[in-house]
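Work through the exercises below with the sequence and the 3D view at hand. Try each task before you read its solution.

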Amino acid sequence: MTPQAASGGAVPAVLVLEDGRAFHGRSFGAQGETLGEIVFNTGMTGYQETLTDPSYHRQIVVMTAPHIGNTGVNDDDPESGRIWVCGYVVREPARISSNWRAQRTLEEELARQNVVAIALEGTRALTRHLRDRGAMRAAISTVETDPERLRERVLASPRMTGADLAREVSTTEPYTVRPPAGVPTRFRVAAVDLGIKAMTPQRLAERGCEVTVLPAGATAEQILDLRPDGVFFSNGPGDPATADEPVAVMRAVLEAHTPLFGICFGNQILGRALELGTFKLRFGHRGVNQPVQDVHTKRVHITSHNHGFAVDAPVDGPFETPYGRAEVSHVDLNDGVVEGLRLLDRPAFSVQYHPEAAAGPHDAAEHFDAFCDLMAASTDPSSSSGRSAEPAQS
Ligand SMILES: NC(=O)CC[C@H](N)C(=O)O
């Protein structure tokens, strides 16, 4: 299965879903064959950030926006060192790139990174199908164009439920992101990389955090030996039900009363550390316009999402956990899904969405400030407010 760069012209490609539905289109990017979980993303912008978000590892992403690639690809916007989606489905690839920052076309980039993609007319029908039937396994191929034979390979491929993928995308060596010139260092943060997006340490560094990014397998001792002012747990691919190791590490951080902040996978891991369950959503949230409400202020943020699983928690008020009381802090207004957790007796909180906003609106940037406030309160011995994650002021 070695994809080769498309040589131009319309090479036929086929997309087959595990339930047998097939779509015919033309090859775009690399030729070859790919298998993964097919999901749709409703973002009108930010295809480069989507492609390079490690949380999309082993997923085939369908873009609902009909015209993708208009601004080409540059070396500044990627959220990691490579494209992680394992397949890409668009209605119509842009024929030219038009942007002063563009360095390559999207098609060139997909080919260069061996990403198999397909352009097909029925992305709306495909999305409606996934909305009704749910995310499922699929394949795109230019090699095996007989849908029935390709489907057999889909049915033999692994499911996302039960997949433990963070180590496959995490850094192998620690590295440090420092505040930019002119911004004094206020806090030292240890960030556990379960699939971290580049913009996250960046957003912390802008606020005066020196961020040491650690591999997914970092132990609690390794993390706490750094004597960090706060510990961050990143987004990442896979099923949170398999994340026993990060859950154990997070419990040690909670025991140590070290300020803690989690995003997306990090929110699900906090849920599990609090002994809550997680479950798979039918089709998930992927896009940049999800309305999320703060349960206290009732204020709504329009936010960026990429999750296929969610935490199962009571939304009607505080509940007891092994670390004292906790509460659901945010819910999604489209479907009521839990979008944030906050501990009331420890300095810890998390959100299921993406305040780093890459791509997406910046409404939720205040969560980075709230994490800094928690670290400030817990490093200042005269303050008593460092003991819980107070609601962010919004
Ligand atoms: N972006 C993320 O961290 C996603 C978390 C998890 N893999 C999910 O799909 O729900």
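Domain bounds here come from an automatic or database domain assignment. The model is predicted: local features need pLDDT of at least 70, side-chain atom pairs count only at pLDDT 80 or more, and totals for chains, interfaces and linings use all residues. Residues are numbered from 1 along each chain as its sequence is written.

**Exercise 1. Domains**

Task: Find the domains of the chain and describe the side of domain 1 that touches domain 2.

Solution:
- Start with the bounds. Domain 1 covers 4-155, and domain 2 covers 166-387.
- Next, take the centres over C-alpha atoms. They are 29 Å apart.
- Now count the contact. Domain 1 gives 22 residues and domain 2 gives 21 residues. Two residues are in contact if their C-beta atoms, placed from the backbone, lie within 7 Å.
- Look for elements that give two or more residues on the domain 1 side. These are β4 (33-41), α1 (47-51) and α3 (123-133). Helices (H or I, at least four residues) and strands (E, at least two) are DSSP runs, numbered from the N terminus.
- β4 gives the most, with three residues.
- Sort this side by class. It has seven nonpolar, ten polar and five charged residues. Nonpolar means Ala, Val, Leu, Ile, Met, Phe, Trp, Tyr, Cys and Pro; charged means Asp, Glu, Lys and Arg; the others, Gly among them, are polar.

**Exercise 2. Two helices**

Task: Describe how α8 and α9 pack.

Solution:
- Locate α8 at residues 244-255 and α9 at residues 265-273.
- Their angle is about 70 degrees, and their axes lie 9 Å apart. Axes are lines fitted to C-alpha atoms, for helices over the stretch in contact, and angles run from 0 to 180 degrees between N-to-C directions.
- Therefore α8 is roughly perpendicular to α9; that label takes angles from 65 to 115 degrees.
- From α8, the contact uses P246, V247, M250, R251 and L254; from α9, I269, L270, R272 and A273.
- By class, these residues are seven nonpolar, no polar and two charged.

**Exercise 3. Partners of β16**

Task: Which strands pair with β16?

Solution:
- β16 (residues 277-294) pairs with β17 (residues 300-312) in the antiparallel sense, over eleven bridges. Pairing needs at least two bridges found by DSSP.
- Check one bridge: F279 has A310 of β17 as its partner.
- Follow the turn. Five residues lie between the two strands of this hairpin, and K298 there has a positive phi of about 70 degrees.
- β19 (residues 324-332) also runs antiparallel to β16, joined by three bridges. Here Q293 is partnered by V331.

Terms used. Angles under 35 degrees count as roughly parallel, over 145 as roughly antiparallel, 65 to 115 as roughly perpendicular and the rest as oblique.
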